[in-house]
Amino acid sequence: MDKIKKRPIILDGDPGHDDAIGWVLAASADEFDIKAITTVAGNQTLEKVTYNARRIAALLHLDIEVAKGRNRPLCSDLIIAPNFHGETGLDGPELPEPDHELSPLSAPEMMAKVLKESEEKVTIITTGAQTNVAALLLSHPELKDRIEMISTMGGGLRNGNWTSGAEFNILVDPEAAYTVYHSGVKLQSCFLDVTERALVYPEDWDRIRSLNNPIAKVVAEWFDFFFIHVKSLGWSGATTHDPCAVMSLLHPEIFDIRDYYVDIELKGNYCRGATVADYNGRTGNKPNCACVVDLDREKFVDYLYEACKKYEGWEV
Ligand code: BDR
Ligand code: CA
């Protein structure tokens, strides 16, 4: 029987608890062939998130290269989020030390290498600021048609979370997001509209903890830490943002996905970084984004649980 072709994937992010949980999900998926991890400054400085990415790769036994991206956004100063993710950017459980050398390539060069070498078109899952992806598109426009799709967590159609208008990943580097949204590459984005409904409650991650394998335990402890700050904002569950960008590829049927033209606000006193959707088609622009706006929360949690279950017998 023919082997089912796996979907080649690049994971790009700023881990970060929810990035890390998204990567646990991606690494558990038989459908994916993870080709590389690339890091971008955001939740913490580039050095810190890169160290975290290498530790996550060691935890998940990923025999792939990790490449470091730019240490700042394309045009603006870096904003970081230690209130959510702690001083290390991934506070909480102890993780193994990196077991692979850091790639000498920059993140965009690593992405270009994977795109050139892959027989199949490659999907980029980006769960931080879109700086690396934008740098790739600007420096290697000839490789656009080697990208199957860019799946992002970023933006909010109804509201922001860092300002009223802007979500964190887009606010960190609005010019990068603008470049991605105007690139013509197939784009699917998980907005706050869905990710703030992807609530994982303490009883859900206690169920994950009860699986009693090393990865499930770490995931539960990441939730424990991440929830400290999220709870202080009035949420009754953890807003599980980044895993949506992975889950919506694996199980699109549990999401509400709508095609809209979306643009990025680059100016304005209060709304820089806002993602603005043309709901009624009044701009006359063709949709440029499959906008993920809602989900079946219970199925999302069940699939997350199933993903963690796959790590039974795992050694760390
Ligand atoms: C996004 O911001 C980061 O703190 C999270 O990792 C997620 O990517 C949510 O706004
Ligand atoms: Ca992130």
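Student: Which helices each supply at least two residues of the shell around ligand 1?

Tutor: This is a predicted model. The shell around ligand 1 includes Asp 18 and Asp 19, and also Phe 168 and Asn 169. Residues 17-28 form one of the helices in question, and residues 168-172 form the other. Those two elements are helix 1 and helix 6.

Student: By class, how many nonpolar, polar and charged residues does the shell around ligand 1 have?

Tutor: Among the residues around ligand 1 are Met 153, Phe 168, Asn 43, His 85, Glu 167 and Asp 242. Sorted by class, the shell has two nonpolar, six polar and four charged residues.

Student: Which polar side-chain atom lies 2.6 Å from an oxygen atom of ligand 1, apart from that of Asp 18?

Tutor: Asp 18 places a polar side-chain atom 2.6 Å from a ligand 1 oxygen. Asn 161 has a side-chain N or O atom 2.9 Å from an oxygen of ligand 1. The other contact at 2.6 Å comes from a polar side-chain atom of Asp 242.

Student: What percentage of the area that ligand 1 exposes when taken alone does the protein bury?

Tutor: Ligand 1 sits in the largest pocket. Taken alone, ligand 1 exposes 280 Å². The share of that area buried by the protein is 96%.

Student: What are the protein donors of the calcium ion, and how far from it do they lie?

Tutor: The calcium ion is ligand 2. Asp 14, Asp 19 and Asp 242 give OD atoms, with Asp 19 listed twice, while Thr 127 gives its O atom. Along the chain, the donors follow the spacing D-x4-D-x107-T-x114-D. Their distances from the ion are 2.2 to 2.6 Å.

Student: How many residues apart in sequence are the parts that Asp 19 and Thr 127 tie together?

Tutor: Both residues are donors of the calcium ion. Asp 19 lies in helix 1, and Thr 127 lies in the loop between strand 4 (122-126) and helix 5 (131-139), so the pair ties together parts that are apart in sequence by 108 residues.

Student: Where is the cis peptide bond that involves Gly 16?

Tutor: Gly 16 is in the loop between strand 1 (7-13) and helix 1. The bond has omega near -5 degrees. It runs from Pro 15 to Gly 16.

Student: What phi does His 61 have, positive or negative?

Tutor: His 61 is in the loop between helix 2 (46-59) and strand 3 (65-68). His 61 is not a glycine, yet its phi is positive, at about 55 degrees.

Note on methods. Residues are numbered from 1 along each chain as its sequence is written. Chains are lettered from A and ligands numbered from 1 in the order in which they are written. This is a predicted model: local features need pLDDT of at least 70, side-chain atom pairs count only at pLDDT 80 or more; totals for chains, interfaces and linings use all residues. Side-chain values use heavy atoms; hydrogens and water are left out. A residue is near a molecule or strand if one of its heavy atoms lies within 4 Å of it. A polar contact is a pair of N or O atoms within 3.5 Å; within protein, one must be able to donate a hydrogen and the other to accept it, and residues adjacent in sequence count only if both atoms are side-chain atoms. Accessible areas come from the Shrake-Rupley method with a 1.4 Å probe; for residues, only the protein chains shown count as cover. On a 1 Å grid over the protein atoms alone, a cavity is a set of points where a 1.4 Å probe fits but cannot get out, and a pocket is an open set with protein on both sides within 12 Å along at least five of seven lines; lining residues have an atom within 4 Å of a point. A molecule sits in a cavity or pocket if more than half of its atoms lie within 2 Å of its grid points. Helices (H or I, at least four residues) and strands (E, at least two) are DSSP runs, numbered from the N terminus. Ala, Val, Leu, Ile, Met, Phe, Trp, Tyr, Cys and Pro count as nonpolar, Asp, Glu, Lys and Arg as charged, and the others, Gly among them, as polar. Donors are N, O and S atoms within 2.8 Å of the metal (3.2 Å for Na, K and Ca); water is not among the atoms, so sites may look incomplete.
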